[in-house]
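Student: I would like to take a close look at one pocket in this protein and at what surrounds it. Could you walk me through that part?

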Amino acid sequence: MRTTRRSAIAALALALPLSLAACGSSDSSTDAGASSSSSAPSSSSSSSSSSSSSSSDDMAAKPFGAACEAVPKTGAGSFEGMATAPVATAASANPVLSQLVGAVKAAGLVDTLNSAKEITVFAPTNDAFKAVPKATLDAAMKDPKGLLTKVLTNHVVEGKLTPEQLAGDHKTLAGTTISVTGSGESFKVGEANVVCGNVQTANATVYIIDGVLLPK
């Protein structure tokens, strides 16, 4: 009889720790599940924030302006194509800028512009060049290393200016100062209007304008 009672007590003593251990394991598993569940919203929130930031950056990088419609939709002269090439090369693929490209080649500035680190170029359209008095344009083309170079470098400033940085006075590579007024998607460079802005190339930001900026 005593032997039977001792065996029962011993069995109870062994079963009790095992039961407690099982309860502890269950609690630990529940806590781990709760912890994992509570961390999920944080991850989701972080992903949402990252997506929002990326979307904002994409919007800020888009070209703007009515004349952007004239830029080719595909190929080297399109916005995507221009973004992969240095500025003079990119402009040469865009039919809207063929007069400017011809002047840049005549002045021997292709390598200078293509090798520049970060610049902003105010690029006159073909119609802008046609509006320049013939005598003035002829004089510039006859003096490629002098007057023509000064006119062209009067359209270039250091640094890639975003639309938010555009308004204000900027020193050009010609040593002159040009003034930009406006905000949002409406800007004037001197008397010229920005007709297609924030165009990206590999080393420059381009603002296409409807007038030639003659140095004073």
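Tutor: Happy to! Let's start with the walls of the second largest pocket: helix 3, helix 4, helix 5 (110-115), strand 1 and helix 8 each supply at least two residues of its lining. Please keep in mind that this is a predicted model. Among those elements, helix 3 gives the most to the lining of the second largest pocket, namely five residues. The space inside this pocket comes to about 230 Å³. In total 24 residues line the second largest pocket, and those closest to its centre are Ala88, Ala91, Leu100, Val104 and Leu113. If you sort the lining of this pocket by class, you find 18 nonpolar residues, five polar ones and one charged one.

Now look at the nonpolar core. The largest one has 34 residues, and Leu113 is among those with the most contacts inside it, along with Val87, Ile119, Val121, Leu152 and Val206. Several elements each supply at least two residues of this core, including helix 3 (87-92), helix 4 (98-107), strand 1 (119-124) and helix 8 (144-153). Helix 4 provides the largest share of this core, with five residues. You may recognise these four elements, since each of them also supplies at least two residues of the lining of the second largest pocket.

Val87 is a nice residue to zoom in on. Leaving out residues up to four places away in sequence, Val87 touches Leu113, Asn114, Ile119, Val121, Thr201, Asn203, Ala204 and Val206. Apart from the largest core lies another core, of 14 residues, with Phe64, Phe122, Val180 and Val194 among them.

From Val121 and Phe122 we can step across to His155. Both are in contact with His155, as are Thr120, Pro124, Ile209, Val212 and Leu213, once the neighbours of His155 within four places in sequence are set aside. His155 is found in the loop between helix 8 and strand 2 (156-158). Is this histidine buried or exposed? With a relative accessible area of 3%, His155 counts as buried, because that value is under 20%. The side chain of His155 also reaches the backbone oxygen of Val151, at 2.7 Å.

Finally, let's turn to the largest pocket, with about 340 Å³ of space. Leu213, which is in contact with His155, is one of the lining residues closest to the centre of the largest pocket, together with Gly190, Glu191, Leu214 and Lys216. Strand 4 (residues 177-183) gives the most to this lining, with three residues. By class, the lining of the largest pocket has seven nonpolar, six polar and two charged residues.

Key
Residues numbered from 1 in each chain as written. Predicted model: local features only at pLDDT ≥ 70, side-chain atom pairs only at ≥ 80, totals over all residues. Heavy atoms only, no water. Core = buried A, V, L, I, M, F, W, Y, C linked by side-chain atoms within 4.5 Å. Buried < 20%, exposed > 50% of the residue type's maximum accessible area, 1.4 Å probe, protein only. Contact = heavy atoms within 4.5 Å. 1 Å grid on protein atoms, 1.4 Å probe; cavity = no way out; pocket = protein on both sides within 12 Å on 5 of 7 lines; lining within 4 Å. Points joined across faces, edges and corners; volume = space filled by probe spheres on them. Nonpolar A, V, L, I, M, F, W, Y, C, P; charged D, E, K, R; others polar. Polar contact = N/O pair within 3.5 Å; in protein donor to acceptor, adjacent residues only side chain to side chain.
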